[in-house]
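Here are some notes to read alongside the structure. They go point by point, and you can check each one as you scroll.

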Amino acid sequence: MGRNSRGLAGWHPAGWLAALSVLAISATLIVADGDASAAGTFNIRDYGATGNGSSNDTPAIQRAINAAAAAGGGTVRAPSGTYKSSNSIHLKSSITIQLDAGATIIGASGTGYDAPESNPFDQYQDYGHSHFHNAMMWGDRLTDIAFTGSGTIDGGGHLITGNPDSGQADKILSLTRCNRLTLNGVRFRRGGHFAILTNSCNNITSDALRIDTASDRDGWNVISASNVTVTNADIAGNDDALVFKSDYALGAKLPNGHVRVTDSHLSAGCCNALMFGSETCGDFSDYTFQRITITGADKSGLGMVSMDGADISDVHYRDITMTGVRSPIMQKIGTRRRCGNSPGVGHISNITYDNITGTGVSPSFSPTLWGESGGNRISDVTFNNVNLTVPGGNGTMSTGVPGNDPNNYNPNSIGTRPAYGWYLHNANNITFNNSSVRFASNDGRPAVIADNGRNLRFDHFTVERGSNSPYDLGFQSVTGYCVSNSGSPRIHSSGSTASCGTPPDTVTVTAEAESGTIIAPMQVKNDSNASGGQYIAVTAGNNSNSAPPSNGSSVIPFTVTAAGTYKLWGRVIAPTNKDDSFWVRVDGGTWVDWNDITPGGSWHWANVTDDASSDTPVVVNLAAGAHTISYAYREDGTLLDRVLITNDLNLVPTL
């Protein structure tokens, strides 16, 4: 035998130590490699989850989340199994919840969920919108939170659709003030009041999200959100399916916008499929909805309401098919004003609908644009290739303005429309191109009635004629309507003018407040956030509440190129409701007490209103040519940065 024929018995002790060292190092390397391959993944079964559907797995899921958070973030993985969650799961930043195929986290009966937190602002929205902790899963002020995989989170029929008692949950997922949220592939089912409620969560991406709350209430309420992309969603709600809102639950009026929703399917049992509102405190801008199929909505298919002072603009619907909707398209401006910032009345403008088909069901509500009077009309809405078929079946009726509840956002808040097709009320600059409206059953009402509007155009517009209808298109108190290339519809005009010429030019003039003749004690001050870096204000201690001062103003020259009726705006800061006013006049005329400017610490545009006339917006008739507008101090803390004069009475400045 060779040198090692004595076997282990012949090894020197030093050799033993060396061998053990090598084995230890090798073992260490194997464990390290194993850890590296699983780095950042935390399997909930490793933390005690059973997946048997009967044991409470919430503590194990929470331990896995806590471990991932302690490690700086990671993926909390739920392999196939049913994980009963009897308590609220507290989400954390930098965590991905991965639900494998066959994995279900299911809710439970009982009172083990977190109690709703107190909210000093809950008077401004419904209970379910005001409280966030009474959920299966919730988080606040999180960043980089994600739900991925093909598994399911299911309320199990145990979540509450109304106001829950303490210990009960009314939503699956509740997130507030979060940033960078991902929702991919996961299915949310039986969500109670909400499957998903997000409030002030920005930078959201979602692909192939599935929500089924057809036996409960809302699918996803996206509240006060910016930068949202949703693709390939399938959302079936009993209440609203996918809805965009902005409430006052977080104690502030928050912005919304830059949203894209594409290639998705929506349905709503009792209510709205794709909706803006009703909670509408903050403004909404830059939304695109494209390639969407809607199969059922007992209220609106495409609904949009401004009830609480919001300005909704730059919204575009394209390539949308709707069936089984009671109200295919509805826009309404209401005067509920349920916000904590003393809101005015909102606006809806710059909305487009392209390539839309819709089929209604009975009992139906005619497609409607309902604005408020004065400067709060709906404006600048264009319909291209929009073809709707409504149930019809009504007889003839009065063509007068139906009743309206201005505090109610639902389609039935307006009485039976006098038109079976489009009903336009307080609407300006509305255009229909290559569009049509038809009925399934003969109807005795006109196809279109418009009252109180301006610049309404129908080109290549086809209507179906009821055998007993008095006419096809009716215009009541409309300035400048045009029906062209539309065959020979019967037109009835009352107090209206037809005009197919070029609409009058829009004239909008702006000027810096400091560009005028400054009369002391009004003075110019610096602020990098002001337009041009400067603004005007009166020296502290000067107040003139009861009458305009004899001095202390800025007299600002401006020129308009066309005669007409003009509206006045100012870019202002009103720190409190004790410092929220100026005196204003045009061309040396009567001073107007511009009071009750919305308080706040940021520059914003405010419409000049007349305090003596219940804060009615001020309009003036101007000839073409040179004019002046004067702003005099009233309360010493109010600041003026810029002025705007426009004959577009629906314009809402944003810069």
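1. A word on naming to begin with: strands here are DSSP runs of E, at least two residues long, numbered from the N terminus. With that in hand, A440 can be placed in strand β28. Keep in mind that this is a predicted model.

2. Let's stay with A440 for a moment. Is this residue buried or exposed? A440 counts as exposed, because its relative accessibility is 63% and the cut-off for exposed is over 50%. Setting aside residues up to four places away in sequence, A440 touches T389, V390 and P391. There is also T359, which is 81 residues away along the chain, with 9.2 Å between its C-alpha atom and that of A440.

3. Strand β28 covers residues 422-441 and pairs with β29, residues 448-463, in the parallel sense. How many bridges join β28 and β29? There are 13 of them. To find the pairing on screen, try A427, whose bridge partner in β29 is G453.

4. β29 also pairs with β30 (residues 473-484), again in the parallel sense, this time over ten bridges. A handy place to look is A450, which stands opposite F475 in β30. As background for looking at any of these strands, side chains in a regular strand alternate between the two faces of the sheet.

5. Now E372, which sits in the loop between β26 (368-370) and β27 (378-392). Why does E372 count as buried? Its relative accessibility is 18%, and buried means under 20%, so E372 falls inside the cut-off. Beyond its neighbours within four places in sequence, E372 is in contact with I333, T335, V345, R377, N404 and N426. Of these contacts, I333 is 39 residues away in sequence, yet the two C-alpha atoms are 6.1 Å apart.

6. For a change of pairing, go to the open sheet of five strands, where the pairing is antiparallel and the order is β34-β37-β45-β39-β40. Its edge strands are β34 (517-519) and β40 (592-594), each pairing on one side only. From one strand to the next, the twist averages 25°.

7. Within that sheet, β39 (residues 582-586) runs antiparallel to β40, and three bridges join the two. One bridge to look for links F582 with W594 in β40.

8. The largest nonpolar core has 105 residues, and those with the most contacts inside it are L91, F188, F244, F289 and Y317. Take F244: leaving out neighbours within four places in sequence, its contacts include V222, V259, L274, F276, F284, Y287 and F289. Another core lies apart from the largest one, with 31 residues, among them V538, V572, V620 and Y631.

9. Last, the aromatic rings: the model has 28 aromatic pairs. Take F276 and F284, whose ring centres are 5.6 Å apart; their planes are at 90°, so this pair is edge-to-face. F276 is buried, with a relative accessible area of 1%, and F284 is buried with a value of 1%. F284 also pairs with Y287, and that pair is tilted, at 6.2 Å centre to centre with 50° between the planes. Y287 is buried, as is F284.

Technical notes
Residues are numbered from 1 along each chain as its sequence is written. This is a predicted model: local features need pLDDT of at least 70, side-chain atom pairs count only at pLDDT 80 or more; totals for chains, interfaces and linings use all residues. Side-chain values use heavy atoms; hydrogens and water are left out. Two strands pair if DSSP finds at least two bridges between them. Helices (H or I, at least four residues) and strands (E, at least two) are DSSP runs, numbered from the N terminus. Axes are lines fitted to C-alpha atoms, for helices over the stretch in contact, and angles run from 0 to 180 degrees between N-to-C directions. Rings of Phe, Tyr and Trp (its six-membered ring) pair if their centres lie within 6.5 Å; planes under 30 degrees apart count as stacked, over 60 as edge-to-face and the rest as tilted. Buried means under 20% relative accessible area, exposed over 50%, partly exposed in between (1.4 Å probe, protein chains only). A nonpolar core is a set of buried Ala, Val, Leu, Ile, Met, Phe, Trp, Tyr and Cys residues joined through side-chain atoms within 4.5 Å. Contact means heavy atoms within 4.5 Å.
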